[in-house]
Amino acid sequence: FNAYAGRGEVYGITRMSRRPELVGVGLFGIGSALLASNATQVVFWGVGPVLSSTLLALHSDRVQRRGGELSASKEAQTSLMPFWAFLDGRQKWADFRSELVPVNAFAGMGFAFFYGVGGAVRPAWMAFGKRQKLVP
């Protein structure tokens, strides 16, 4: 059963990047490097994930190209770098917008706000990573 059988090879988030899960790991690494307080943390949390996800994306493309899973048409229509295919005209923003599910987009933005920007508005009992003294 494939609900997307009639859509072709390129649809949804693959319009943005061929490896969206690895883009997420790379963005995590960039964000972690910006928050790091010493060189060891920059290397471990920043350089490591960015370098690993980049090399894994290149390796995955090579293996899938060799095995025939990555067709020439899909490779020509998409890019490894996020949004690069939109910027050079291989993809159209209108197609991406038409496939976007508004409920999912708002849920993702709400989740990002709550965990990213919303730290100032969270109650004290939801302070992640901080030890709180419990008064007996």
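Helices and strands here are DSSP runs, with at least four residues for a helix and at least two for a strand, numbered from the N terminus. The model is predicted.

**Exercise 1. The overall fold**

State how many helices and strands the protein has, and give the order of its elements.

Solution.
- Step 1. Count the elements: there are six helices and zero strands.
- Step 2. Read from the N terminus: the order is α-α-α-α-α-α.
- Step 3. Turn to burial. Of the 136 residues, 22% count as buried.
- Step 4. Take the surface. The accessible area is about 10,200 Å², and carbon and sulfur atoms hold 67% of it.
- Step 5. Check contact range. Among contacts between residues at least 6 apart in sequence, 53% join residues at least 24 apart.

**Exercise 2. The geometry of H2**

Compare the span of H2 with the expected value, and locate its kink.

Solution.
- Step 1. Set the limits: H2 covers residues 39-67.
- Step 2. Take the span. H2 has 29 residues and reaches 40 Å from first C-alpha to last.
- Step 3. Compare. At 1.5 Å a residue, 42 Å is expected, and the span of H2 is close to that.
- Step 4. Find the bend. H2 has a kink of about 35° at Val 47, shortly before the proline Pro 49.
- Step 5. Check exposure at the kink. Val 47 is partly exposed because its relative accessibility is 43%, and the cut-offs are 20% for buried and 50% for exposed.

**Exercise 3. The faces of H2**

Sort residues of H2 into a buried set and a nonpolar surface patch.

Solution.
- Step 1. Recall the repeat. An α-helix has 3.6 residues a turn, so residues three or four places apart point the same way.
- Step 2. List the buried set: Gly 46, Pro 49, Ser 53, Ala 57, Ser 60 and Asp 61.
- Step 3. Ask what covers the set. The cover includes H1.
- Step 4. List the patch: Val 43, Val 47, Leu 51, Leu 55 and Leu 58. Together these residues have about 460 Å² of accessible area.

**Exercise 4. Two aromatic residues of H2**

Decide whether Phe 44 and Trp 45 are exposed or partly exposed, then place each in space.

Solution.
- Step 1. Place both: Phe 44 is in H2, and Trp 45 is in H2 too.
- Step 2. Classify Phe 44. Its relative accessibility is 57%, so Phe 44 counts as exposed.
- Step 3. Classify Trp 45. At 42% relative accessible area, Trp 45 is partly exposed.
- Step 4. Take distances. The C-alpha atoms of Phe 44 and Gly 29 are 8.9 Å apart, with their positions 15 residues apart in sequence. For Trp 45 and Leu 35, 10 residues apart along the chain, the C-alpha separation is 9.4 Å.
- Step 5. List contacts. Beyond its neighbours within four places in sequence, Trp 45 touches Phe 28, Gly 29 and Ser 32.

**Exercise 5. Salt bridges**

Find what three of the salt bridges connect.

Solution.
- Step 1. Get the total: the whole structure has five salt bridges.
- Step 2. Take Arg 15 and Glu 99. Their closest N and O atoms are 3.0 Å apart. The pair joins the segment before H1 (20-35) to H5 (residues 93-99), across 84 residues of sequence. Arg 15 is buried at 11% relative accessible area, whereas Glu 99 is partly exposed at 23%.
- Step 3. Take Asp 61 and Arg 18, with closest N and O atoms 2.8 Å apart. This pair links H2 to the segment before H1, 43 residues apart. Both Asp 61 and Arg 18 are buried.
- Step 4. Extend that pair. Arg 18, Arg 19 and Asp 61 form a salt-bridge network.
- Step 5. Take Glu 75 and Arg 65, which meet at 2.8 Å, N to O. Glu 75 is in H3 (residues 72-77) and Arg 65 is in H2, so the bridge ties together parts 10 residues apart in sequence. Glu 75 is partly exposed at 25%, and Arg 65 is partly exposed at 40%.

**Exercise 6. A backbone angle**

What is notable about phi of Phe 83?

Solution.
- Step 1. Recall the norm. Most residues other than glycine have a negative phi.
- Step 2. Read the angle. Phi of Phe 83 is near 65°, a positive value in a residue other than glycine.
- Step 3. Locate the residue. Phe 83 is in the loop between H3 and H4 (84-87), and is partly exposed at 33% relative accessible area.

How values were computed: Residues numbered from 1 in each chain as written. Predicted model: local features only at pLDDT ≥ 70, side-chain atom pairs only at ≥ 80, totals over all residues. Heavy atoms only, no water. Patch = residues over 30% accessible without salt bridge, like charges linked within 9 Å, V, L, I, M, F, W, Y side chains within 5 Å. Areas by Shrake-Rupley, 256 points an atom, 1.4 Å probe, with all protein chains shown as cover. Salt bridge = Lys/Arg side-chain N within 4 Å of Asp/Glu carboxyl O. Buried < 20%, exposed > 50% of the residue type's maximum accessible area, 1.4 Å probe, protein only. Expected span 1.5 Å × (residues − 1). Bend = angle between axes of the 7 residues up to and from the residue. Contact = heavy atoms within 4.5 Å.
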